[in-house]
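Thanks for coming. I have one structure to go through today, and I will put it on the screen before I say anything about it.

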Amino acid sequence: LYIISTMTSKLNEIALRKIKKVMSQKGIKQNRLAEMIGVVPQNLNAYMKGRRNFGDKNLARIAKALEIPIESLYTDTNLLSQAVVGGIVRGGRMLPVISWEKAGLWHEAMDVVGA
């Protein structure tokens, strides 16, 4: 139960960051978004302050109102940017991200046993 609760909270944090970013980019205020999704401003304020979880229904309404795919609300751009610059933070440590390009160039295999 604790793991599910923690995961839900983390997903809400990620969605909240994305919603705030898109609202800022589009110049949409909380009162306007509340009107667009059909909730009273006080309820939206509770979601935006992290006092209440959004829930799937409200996240779908918000994504539609902001004209973004709902999947994008769950994308943690901080993790993606860390991966791009060379690592991901896990347990307080930076873990390297290695692609085949970073690991070395591909070479043809040589048969040394049959020679």
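I will start with the chain overall, then take the helices, and finish with the loop between H4 and H5 and its links to H1.

First, a caution: this is a predicted model. Please keep that in mind for every value I read out.

The chain has 115 residues, and 25% of them count as buried. Its secondary structure comes to six helices and two strands. Going from the N terminus, the order is α-α-α-α-α-β-β-α. As for contacts in the chain with a separation of 6 or more, 45% of them join residues that are 24 or more positions apart.

Now to H2 and H3. Helix H2 takes in residues 30-37, and helix H3 takes in residues 41-48. Two packed helices are described by the angle between their axes and the distance between the axes. Here the angle is about 110° and the axes are 9 Å apart. How do H2 and H3 lie to each other, then? The range that counts as roughly perpendicular is 65 to 115 degrees, and H2 and H3 are therefore roughly perpendicular to each other. Their crossing is right-handed.

Which residues meet there? On the H2 side they are Gln-30, Asn-31, Leu-33, Ala-34 and Ile-37. On the H3 side they are Pro-41, Leu-44, Asn-45 and Met-48.

Staying with H2, its buried residues are Leu-33, Ala-34 and Ile-37. These cover an arc of only 105° around the axis, which puts them on the same side of H2. Some background on that spacing: an α-helix has 3.6 residues a turn, so residues three or four places apart point the same way. Leu-33, Ala-34 and Ile-37 are also among the H2 residues that meet H3. On the other side of H2, Asn-31 and Glu-35 are exposed. Asn-31 is nevertheless in the list of residues that meet H3. Just after H2 comes Gly-38, with a positive phi of about 80°.

In H3, the buried residues are Leu-44, Ala-46, Tyr-47 and Met-48. Leu-44 and Met-48 also meet H2. After H3 there is again a glycine with a positive phi, Gly-50, near 80°.

Next is H4, residues 56-66. Its buried residues are Asn-58, Leu-59, Ile-62, Ala-63, Ala-65 and Leu-66. Where do they sit on the helix? Looking down the axis of H4, they fall within an arc of 165°, so they line one face of the helix. On the other side of H4, the exposed residues are Asp-56, Lys-57 and Lys-64. Just after H4, a positive phi turns up at Glu-67, about 60°.

That brings us to the loop between H4 and H5, with H5 at 77-84. Two residues in the loop are worth going through, Ile-68 and Ser-72.

Is Ile-68 buried or exposed? The cut-off for buried is under 20% relative accessible area, and Ile-68 has 16%, so it counts as buried. Leaving out residues up to four places away in sequence, Ile-68 touches Val-22, Ala-63 and Leu-73. Ala-63 is one of the buried residues of H4. Val-22 is 46 residues from Ile-68 in sequence, yet the two C-alpha atoms are 8.7 Å apart in space.

Ser-72 is buried as well, with a relative accessible area of 14%. A polar atom of its side chain lies 2.6 Å from the backbone oxygen of Pro-69. The backbone oxygen of Ser-72, in turn, is 3.5 Å from a polar atom of the Lys-18 side chain.

Lys-18 is in helix H1, residues 2-26. You might take a lysine to be on the outside, but Lys-18 has 19% relative accessibility and counts as buried. That is just inside the cut-off of under 20%. Leaving out residues up to four places away in sequence, Lys-18 touches Ser-72 and Leu-73. Leu-73 is also touched by Ile-68.

A second lysine in helix H1 is Lys-10. Lys-10 is partly exposed, with a relative accessible area of 38%. From Lys-10 to Tyr-74 is 64 residues in sequence and 9.5 Å in space, C-alpha to C-alpha.

That is what I have. Questions are welcome.

Conventions. Residues numbered from 1 in each chain as written. Predicted model: local features only at pLDDT ≥ 70, side-chain atom pairs only at ≥ 80, totals over all residues. Heavy atoms only, no water. Helix = DSSP H or I, 4+ residues; strand = E, 2+ residues; numbered from the N terminus. Buried < 20%, exposed > 50% of the residue type's maximum accessible area, 1.4 Å probe, protein only. Polar contact = N/O pair within 3.5 Å; in protein donor to acceptor, adjacent residues only side chain to side chain. Contact = heavy atoms within 4.5 Å. Arc of directions from axis to C-beta. Axes fitted to C-alpha atoms, helices over the stretch in contact; angles between N-to-C directions. Parallel < 35°, antiparallel > 145°, perpendicular 65-115°, else oblique. Left-handed = near helix turned anticlockwise from the far one by under 90°.
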